[in-house]
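Visitor: Could you walk me through reading a few features of a structure? I would like the general idea each time, then the case at hand.

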Amino acid sequence: MFFRRISFGHHSLYFYQILFTLYVTISIFLLLRLLFSYTVVSAQTRKKSLDPSDKAYRFLSDIQDDYSTSLNIKLYELDNLNSPLSTGLLRKCIILPASYSTLYSDEQLHFILRHEYNHLKNRDCFSKLLANVVVCLFFWNPCVYIFRKDIEQSMELRCDQMTLDGLTDNKRLQYLETMLLVIKNQNTLKASRSSLSERCALKLVSNYPVDLKERFLVISKKHYAHSFFKDLVVYTFAATLFISSYTVFFSSHYDPPLDDIEPDCACHEIDPTTDTLVIDDSDCYILLNDGSTLSVSGNAIQLWEENGGRVIRK
C-alpha cells in the first residue's frame, strides 16, 4: 500500500509520500502552536510584577535560605488566574492570583511558593516543554499522551517530596489543606488563560482526580524514605542483567539441513586462480579444477581476463 501510486490530475505520488507530507505538516503546525502558546503565556504573565517589599518576596527569600540557593526568580500577579503556577526557561517566574493575599494565609502562601520554587529549581518547565515537543512529533501515538501525563505527575510527586522533606506531620496536614484550597479556588474562580497555562506552565495541582488521589496517598503515607542501599541493589541487578544478556547465545541442538544451504547441481564454483579459461575457434569453456568443463559466453571471457584468470587459446 505504501508504494501504490495515487494520481492527482497529471501528477501522481506514492502513498508513503502523501503520509510523510501529512505527518510533517501536522507536526509543524503543532510545534508552531506550542511556540505561540508559550510566547503568549510568557507575555501575559509578566504584565504586573510584585513589589520587592511584598511579603511574597520575603517568603521566597526565606525559602532560598533554607535550600542554600539563590535562583533569580521574579514574582508576578495576574487577574483571572485560578491557581498559582511557575514558568520560564531562562527568565524564571512564579505567578500568583491577583487576590492571593486574601485567598491564602501566610502559611499556605509559603507552601505554594516553596512548591513552585522546587519546580524551577528542578528545571521542570524545560522537562514539560520537552514532553510537549515529543507529543507534537509523535502525535499519532496514543502512548505519548500517557507519557506526558506520567512525566508531569512524577514532577509533582518529586516537588511534594522536596517541599515536605523534614517537616512534621502537622505541616504535612497543612500542606494537604493548602492543596484542597487551591482545588476549591480552581473550581470557583474564572480562568480565561487556563488552557494556555496547562501546556506551558506548572500548576500546584492538576484537575485529574486520579493524580490528586495518588499525591494525597503518597503524602499521607510518608513515602519519602530514601535508601542508598536499595538503590545500589536495584542498579546493580539491572546492570548485571543487562551485561549477562550479551553473554548468552541460543543455538539449536541439531545440525542444520544441508539441503537448505548447499547449492543445487546446476551451480558451480569458479576460482580464477585454479581454473583455466580455454578459448577455441568453435567453443569457449572453463576447465574446472575437478576436470569438468563449463561453457561460457563472450562476456565471461572479458570478465575472466579482467580478474587475472589463466587463459589458454587454441
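Guide: Gladly! This is a predicted model, and we can start at the end of a helix. Right after helix 2 comes S68, with a positive phi near 55°.

Visitor: Which residue caps the N-terminal end of helix 2?

Guide: That is D54, which has a side-chain oxygen 2.9 Å from the backbone nitrogen of A56.

Visitor: How many residues does helix 2 have, and how far does it reach?

Guide: Helix 2 covers residues 55–67, so to speak 13 residues, and spans 19 Å from its first C-alpha to its last. The expected value at 1.5 Å a residue is 18 Å, and the helix comes close to that.

Visitor: How do I read which way the residues of a helix point?

Guide: The general idea is that an α-helix has 3.6 residues a turn, so residues three or four places apart point the same way. Now the case here: A56, Y57, F59, L60, I63, Q64 and Y67 are buried in helix 2. They lie on the same side of helix 2, because they cover an arc of only 160° around its axis.

Visitor: Which residues are exposed on the other side of helix 2?

Guide: D65 and D66 are the exposed ones there.

Visitor: And what do the buried residues of helix 2 pack against?

Guide: Their partners are two strands, strand 3 (74–78) and strand 5 (93–97), along with helix 3 (100–103), helix 4 (106–121) and helix 6 (143–164).

Visitor: Let us follow strand 5. Is it mostly covered or mostly open?

Guide: Mostly covered: five of its five residues are buried. On to its pairing. Strand 3 runs parallel to strand 5, and five bridges join the two. In that pair, Y76 stands opposite I95 of strand 5.

Visitor: In what sense does strand 4 pair with strand 5?

Guide: Strand 4, residues 85–87, pairs with strand 5 in the antiparallel sense over three bridges. Here S86 stands opposite I94 of strand 5. The two strands form a hairpin with five residues between them, and G88 in the turn has a positive phi of about 110°.

Visitor: One last feature: how many disulfides are there?

Guide: In general, a disulfide is a covalent bond between the sulfur atoms of two cysteines. With a cut-off of 2.5 Å between the sulfur atoms, the count here is zero. C125, for instance, is in no disulfide, and the nearest cysteine sulfur, that of C93, is 7.9 Å away.

Visitor: Is C125 buried or exposed?

Guide: C125 is buried, with a relative accessible area of 7%. C284 also counts as buried, at 11% relative accessibility.

Technical notes: Residues are numbered from 1 along each chain as its sequence is written. This is a predicted model: local features need pLDDT of at least 70, side-chain atom pairs count only at pLDDT 80 or more; totals for chains, interfaces and linings use all residues. Side-chain values use heavy atoms; hydrogens and water are left out. Buried means under 20% relative accessible area, exposed over 50%, partly exposed in between (1.4 Å probe, protein chains only). Helices (H or I, at least four residues) and strands (E, at least two) are DSSP runs, numbered from the N terminus. The expected span of a helix is 1.5 Å times one less than its number of residues. The arc is that of the directions from the helix axis to the C-beta atoms. Contact means heavy atoms within 4.5 Å. A polar contact is a pair of N or O atoms within 3.5 Å; within protein, one must be able to donate a hydrogen and the other to accept it, and residues adjacent in sequence count only if both atoms are side-chain atoms. Two strands pair if DSSP finds at least two bridges between them.
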